[in-house]
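Dear colleague,

Please find below the sequence and the structure that I am handing over to you. My notes on what was found follow directly after.

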Amino acid sequence: GWDVLLEAYLREFKFTDNVALHLKTWSFHEETNFQKVIATKVDELGLTPKTPAHHNAAIHVFQRNLTNAEMASLYKGADAFVLATRGEGWCRPLAEAMSMGLPSICTNWSGPAAFLDEDVGY
């Protein structure tokens, strides 16, 4: 899930690293402010920066519908695609990312397992 991806990202990367995590999501159940959900999770993990000068690695959240052109731009600007899910159907975003040539990481479960294996992804 997104929470496992977030923890791994924040433990691995620091604010001085040239990285950014771009999260494309819908409204998060009862909470519509996903930035707030992330901040709460960061606090729970004990990964809140100690001083304002030492912030976490960059995180960008897209919570609205993106146009096809915006999605293509997001894929083109990425170095990798991670589908942090605990269950999927066919998973169009994964197929789109793979069609754009992005190295792709996904849970070995459900629909994506039909076309993503160790020969074409992680």
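Helices are DSSP runs of H or I with at least four residues, and they are numbered from the N terminus. Please bear in mind throughout that this is a predicted model.

Helix α1 and D3

In that numbering, D3 belongs to helix α1. Buried means under 20% relative accessible area; D3 has 18% and is therefore buried. The side chain of D3 makes a polar contact of 3.0 Å with the side chain of R86. When neighbours within four places in sequence are set aside, the contacts of D3 are K41 and R86.

D3 is one of the buried residues of α1, together with L5, L6, Y9 and L10. These residues span an arc of only 160° around the axis, so they sit on the same side of α1. An α-helix has 3.6 residues a turn, so residues three or four places apart point the same way. The partners against which the buried residues of α1 pack are β1, α2, β2 and β3.

Helix α2

Which residues of helix α2 are buried? In this helix, which covers residues 34-44, they are F34, V37, I38, K41 and V42. Viewed down the axis of α2, the buried residues fall within an arc of 135°, and they therefore line one face of the helix. Their cover includes α1, β1 and β2, the last of these being residues 58-62. K41 thus appears twice in these notes, as a buried residue of α2 and as a contact of D3.

Both ends of α2 deserve a remark. At its start, a side-chain oxygen of N33 comes to within 3.1 Å of the backbone nitrogen of Q35. Just after the helix, G46 adopts a positive phi of about 70°.

Two further residues with positive phi

Most residues other than glycine have a negative phi, and most peptide bonds are trans. Against that background, two residues may be worth your attention. C91 is not a glycine, yet its phi is positive, at about 80°. C91 is located in the loop between β3 and α4, and it is buried, with a relative accessible area of 5%. S110, also not a glycine, has a positive phi of about 65°. S110 lies in the segment after β4, which is residues 104-106, and its relative accessibility of 37% makes it partly exposed.

Helix α4 and E96

E96 is placed in helix α4. Is E96 buried or partly exposed? Its relative accessibility is 22%, so E96 counts as partly exposed. The side chains of E96 and R92 are joined by a polar contact of 2.6 Å. E96 and Y75 are 21 residues apart along the chain, and their C-alpha atoms are separated by 8.3 Å.

The largest pocket

Rolling a probe the size of a water molecule over the atoms shows where empty space is left. The largest pocket has a volume of about 1500 Å³. Its lining consists of 43 residues, and H22, L23, K24, F81 and V82 are those that lie nearest the centre. By class, the lining comprises 26 nonpolar, 10 polar and seven charged residues. The elements that each supply at least two lining residues are α1 (2-12), β1 (20-24), α3 (68-76), β3 (81-83) and α4 (92-99). Helix α1, described above for its buried residues, thus also contributes to the lining of the largest pocket.

With kind regards

Definitions and conventions
Residues are numbered from 1 along each chain as its sequence is written. Side-chain values use heavy atoms; hydrogens and water are left out. On a 1 Å grid over the protein atoms alone, a cavity is a set of points where a 1.4 Å probe fits but cannot get out, and a pocket is an open set with protein on both sides within 12 Å along at least five of seven lines; lining residues have an atom within 4 Å of a point. Grid points are joined across faces, edges and corners, and a volume is the space filled by probe spheres set on the points. Ala, Val, Leu, Ile, Met, Phe, Trp, Tyr, Cys and Pro count as nonpolar, Asp, Glu, Lys and Arg as charged, and the others, Gly among them, as polar. Buried means under 20% relative accessible area, exposed over 50%, partly exposed in between (1.4 Å probe, protein chains only). The arc is that of the directions from the helix axis to the C-beta atoms. Contact means heavy atoms within 4.5 Å. A polar contact is a pair of N or O atoms within 3.5 Å; within protein, one must be able to donate a hydrogen and the other to accept it, and residues adjacent in sequence count only if both atoms are side-chain atoms.
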